[in-house]
Structure formats: structure tokens, C-alpha cells
Amino acid sequence: MKHRTNILIAVACFLSISVNAQIFKGKTINAFGEPLPYANVCLLNHADSSFIQGAVSNDKGEFVINSEQREAILKVSLIGYQTIYKKCTDGHVGTILMVEDTTMLGEVIVKSSRPITQLKNDALVTHVQGSSLAHSGSAREVLGKTPGVIKSNDGIEVLGKGAPIIYINGRLMRNQAELDQLASDKIKDVEVVTTPGAEYDASVNAVIRIKTLKPVGEGFSMDSRTQMGLTHYLYGKEELNFNYRLHGLDIFGMVGYDRNKFRQQNISQQYTYAPSNLLYQMTDAKRYAKSNMLTGKLGLNYVFNENHSVGILYDFSYLPSKTRNNSFTALEVDKILNNELSTESEEKSHNRRHLVSGYYSGKMGKWGIALNMDALWNNADTHQDVAEKATSLENRTISTQNDINNKLYAAKAVATYPVWKGQLAFGAEWSFLHRTDEYESGVEYINDFHSKIKETNGAGFAEIRQTLGKINVSAGLRYEYVVSNYFENGVKMDEQSREYHHLFPSAMLSMPIGHVRTRLSYSRKITRPAFSQLSSNVQYINRYTYQSGNPNLRPSIRDYVELMANYKWLTLMANYTHVKDYMMSVYNQYGESPEIALIQKQNVNGYSELSGMINVSPSFGKYHPSLMVAVRQQFLTIKYRGEDLKLNKPMGILRFNNAYNLPFDAWLNADFSWRTSGNAENMYIGNTWQCDLGLYKAFAHDKWSIKLQCEDLLNTAKSTMTLKNDIREMSLRKFLDTRKFSITVTYKINATHSKYKGTGAGEDVKNRL
């Protein structure tokens, strides 16, 4: 009887606890509606604020606390955000908006210290807003200081992954000039995705997502940005953005003008070890170019409600340019002067590009749907006149005309649905391209050329993400089908026409180890030849050097394995890459004459590459340094003069950026970068280094600002390389006007930003154009 009584008492106690138990559920988000993981959530007694129980939000920003309390105070805190206190009388807490901890005191911003770079979900996120990076000047300068990203004269590169595609607020950036047009103080975050998932085209090795600050206010707004600079010549840029916003309607546009002029000198030496003799060729070439680029866009966006929005965008650019080349070439055969050439050429080109892009983004119940459609028209015409004077051969006068026309139509659909403890995303992408390339030389030793390419690309993909406690896993698979028909002089060429079927898997595992965030990922990618690289068109450089495409090129397949770790202001990355059928620039003999070299791309045997990076970005009061040390080493063997030649020398990169907050809220930047010598492809690249200085000051509560900038202060950023291939060795020294002085003035009137949410379609084909 006593035993039965004890059981009844225990059951009654259990039922009492169950009845009185309360589940507090909620979600933490930022100003963009994005989930905030790792927020500390504490349940406090409403009577004396004593601690009851706590939890940490997961990667979706969600948290759950079980408690006997029916009424309590919820305290939510996260480094870099204001602490939130909320009185709760029922279990459903709802969504908690976390506000960044920024307090304006006159013109001085006091901000809590948080890591400038963090590993979140699929990206390495660098916070720009409220940091020293906001005063860099332009988006290009910001990327040049972002961990894992390298800025050079040739563009933007992600360490170990090459050139990325870049999105600005979800819209694909189609022109590198947009990086110069976007002011750094408009940027909120930069996300570097080093292992893009199945949703992205398989040719995409890395993605950079730039997010701008949240739009503020309605009505009409405008901002202008003017830049004047000096290299050896004066150059200038002007950009005007305007926006009208009323309720759900958003009309936006931009016009820009870029006038540029530059000079370049290339000094090359080429040895050809022919079976019967030694050929030596020295060329001193000078290039003078000027261009005037006009860009613009006009778009409309309408947000029906938080679940549905549509938009359309028209984007255009017009780039006329003129280039003048002067060169002197000396040819020796067995160390005896054989001929000297003096060449003068002039090239005029016009490039026109039109893009119409539309999108729909919405939610229907638990389903998320995104549709994007693009139509692109691009045509370019180039006329070249060449005059050669020779000492021992006949003089030559050549006039060529090259006309290229492209039409692209593309569409992409993505659907998402919650599955178990995560989300399933799947979709399809389609594109059709029609390209014509017509080349006429008017001389018998260079063939006229007329080609046409019709290419259809289809893809289907699926990716699932799951959150299992503190562990996040994802796996994706993409299938791509490509049919490319190649026509030469109106006749279909079966050998050059291609049909591809490829599967591209990807996987990612991320988890905290103590306070260290770690991520291990794998992906398979493809690099398809650019259409110009498939052309049989032979371009005349001089009578000893021609350049051509190669219709027989095969795509290159890359497998990536990457490990990344992040702790406070310390970030580590290690990457292994294996490449199959790599497309490499080579110098081959043209025709029957060993002294004439043909430059083109060819597939070579596969190789492997290792790369690694350490980045530290602490803050010491008003001083904000950032140090990045990286190394990359390839393991490539080529044939040179009948023997195997290993090109395995590693290349190091050192970047030390320094930002100091001066009195009156001015900012001084002093940056140093150095790249050691080493091997890349079949080249040995010499070392180079440079120093940059910048001074920034905003006025009238940031309504207008001035940025003074000096790039390559000591004029040391030189470029040297030596290329070895087959029976040829070529060394090259480039002299550019890398030292630049510029002043940039920005003025804002009620500045807002477009709500355009389109992401574009057919990105691989656009990049290959």
C-alpha cells in the first residue's frame, strides 16, 4: 500500500511539473532579416532579474528554453549588437530584431568591438559597416583588403580559386566598373564563398556577395561621385545614381562616364632551340590606349508584400577605344643578325552591350520561389591597320576587320522547402547562345575567317542543408548538359562541335570546436573555353608572332578540398586542388617556319596545387591593422627541349593594411603588399611589391566626403615573367603607370538603394563572352 502511494505521489509531481512547464521559443535576426546565430539568450526572474536558464541561437537564429516559469524576462545579447530585454508572459517569443551597437556622438562613431571577419554558413563574412574598411573609397578597394581576396591590375582573385563572380545585393555584377562605382561607405558586408554549392554554375569556382546598407526613407534620392586622377595622363570618372521610392514602388537608375588613357611598354626576349639552329628574337613594344566608356541602367521594382516582389532592369554600356602600337624587333639566327622590323599599328574598336533582366521572388506557404530571366545582346567591331618595315625582307601593309555578335537568352528557377531540420533547394537553369565571328585580312598569308556557334545549356540541381545541434551539413548535386554546334564558313564542323554531360557534387560540414568555427568542404568544378579561345581566327601581331584560338580545346575539370577555421580576429584556410585537362597558353611553330611562333591555348596533363592563408585583424583603439600571409604551390611538370621540367616553386603573398582614425574623424590608410617570385602555370613570375596611401574625411554628417589616394607610391609594382614551352623560352618585362594619384568627391541627397532582387541567369555563358 505504501509502495502504491509513493507511485501516485511521483506521478502527481510529474504531472504538476508537466502542466506548469513553459517552452520559450523565438528567433534572432538582423536589420536585413537574416538569422543571427550564436546569440546568448538568458531567462531572468521577473521579480529580481536572477538567472534561471540560458540557451544559444542556432545557425537559423532559433532558440528554445524549457522552464517552469510562466512569466519571465528574456535577455538577448550578441557581440556587436545592442542587448535586448523583453518581458514574456507566454511561450511564443517571436522574432527579435537585433540592432547593431553603433552610437553617434557628433561626428564620432563609438562601436563595440566585434571580429571584422567571421565564418558563417557557406561564407567568410567581412563586416564593412562601422569598420575602417568603410572609408576605403570604393568596393574594389574593400575587396583588395578582404581576407582571401587579392586585387591586381588584372582584376579580383580569390586565393586558390581564381576570378570569382560577384553579386551586389543578389544581382550579378556584369561589369568590373561597378566595383569602382560602388562607394565603400554604402557596403554592409562582403561574403566570400570559396566552395559554391549546386545552385551556382559549375564553372563558378568562387563567389563574392556584396551587401549594401539597408535602404532608408522614401521619396527621391540622388548621389554623385566624381573622381579625377593622374598616372602619366589625366583620367576621370563621373557617376550619378538616382532613386524614387514610394511604398512598394521602387524606380532606380544610374549613368556613368569613364575616360581613361594609359601607356605600356613590353620588352621581351625569345629563344627558339630549333633542330638546326638557334633563333633569338628581341622586341621592344610600346602601347598607347584611350577609351571613353558610357554606362547606364534603369529599373523598376515592386514589392506587393513581404512575400511577393517583381522587377525589371535594363543595363547598357558603350565602349569606344583607340590603341596605337609601336614596336621594334630584331631577329638573330645563330647569333648573326638576320632581320630588323619596325612596326606601327592602330586599332579602333567599339563594344556595345545591352541587357534586359527580370525576376520574381516570393513565398507560397512553406515554399520559396525565385525566377530570373535574362536577354543579352553584345556586338564588337575592331579595325586594325599594320605597317611593317624590314631591313632584309619586303615591307608589309595589312588591314584587318573583325566583327563579333552575340545573342544570349537565359532563365533560372529555384524552389526551396523546409525538410526535417533544414531546407531543400532545387531548380533548373537554361540558356541559348548564338555567336558569329567574322575576320577579314585581305592578304594571302593570313586566312579570312567566318564562324558561327550555336550553344544550348541545360542544368538541374538540388541541395539539402541540415542543422544538427551545433553541426551544419549540406550536400548538393548539379547536372549540366551542353550542346555546342560549330560552323566554319557556313559548314558545320563535327570535330569542333561538342556535346557534354557532367555531374558536379558538392558537400560541406561545419561545426564549432570549442570557440573555433571550422568548416570542411568539397566541390567539383569545370572551366569551359571562352568563345574567343575556340576561334580558328589567326591574329597578326608581327611577322614572327601570331595568335589564335583552338577549336579542339576541352574543358578543364577541378576538384577542390578546403578546410577553414575562424577564431575571433584570426582566420585560417587550407586548400587542395586537382586539375584535369588544364588549358595553358603555349608557343607553337606556325606553318613550316620555325621562326614564326603561334600563341594559343592547349590542354595539358593534370596537376595539383596547395594553397594556404593566415589572416589576423585585431583592433587597438583607433588603430586597425590587418595582416594576411598566404602561399600557393603548384606541382606541374611540362616538356621543355625534350626533357621533363618541374615548375613547383611556391609563391608567397604578404599584405599588411593599416587604418588609423585621426582627429576630426578623418581616416588614414597605409597599406603594403608583397608577392614573392614563384611558378604559375608554365611561367616563372618575378617578385613585386608596392605601398599605397589614402586619406578620407566626411563632412556635414556624411552628406559629402573627400578621398585622397596614392597607389604604388614608390612606383615599384613591376611585372616580370619567363615562360618555357616545347622548344621556346620567352621572358617578358612589363612597364605600366602603376603610380596613381586621385581625388574622389562624393555627394549624397537623401541616399537610398534599390530593392532589386534579381540574381540573373546564364552566368557561365556571359562570363565566356
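Is His 127 buried or exposed? In this predicted model, select His 127 to begin: the residue is buried, with a relative accessible area of 3%, and the strand to display around it is β11, which covers residues 123–127. Keep the side chain of His 127 in view and add that of Asp 189, since the two are joined by a polar contact of 3.0 Å.

Next, select Val 190 and show what surrounds it. Leaving aside residues up to four places away in sequence, Val 190 touches Leu 124, Val 125, Thr 126 and Val 128, then Val 142, Leu 143 and Thr 146, and finally Ile 208, Arg 209 and Ile 210.

From Val 190, widen the selection to the largest nonpolar core, which has 21 residues, and in which Leu 143, Leu 179, Ile 187, Val 190, Ile 208 and Ile 210 are those with the most contacts inside it. The elements to colour here, each giving two or more residues to this core, are helix α2 (139–143) and the strands β13 (155–158), β14 (165–168), β16 (187–193) and β17 (207–212).

The last stop is the cysteines. Select Cys 710, which is buried at a relative accessible area of 7%, and then Cys 691, which holds the closest cysteine sulfur to that of Cys 710; the separation is 9.7 Å, so the two are too far apart for a bond, given that a disulfide requires sulfur atoms within 2.5 Å. Cys 42, by contrast in its setting, counts as partly exposed, because its relative accessibility is 22% and the buried class ends under 20%. Across the whole structure, a search finds zero disulfides.

Definitions and conventions: Residues numbered from 1 in each chain as written. Predicted model: local features only at pLDDT ≥ 70, side-chain atom pairs only at ≥ 80, totals over all residues. Heavy atoms only, no water. Buried < 20%, exposed > 50% of the residue type's maximum accessible area, 1.4 Å probe, protein only. Core = buried A, V, L, I, M, F, W, Y, C linked by side-chain atoms within 4.5 Å. Helix = DSSP H or I, 4+ residues; strand = E, 2+ residues; numbered from the N terminus. Contact = heavy atoms within 4.5 Å. Polar contact = N/O pair within 3.5 Å; in protein donor to acceptor, adjacent residues only side chain to side chain.
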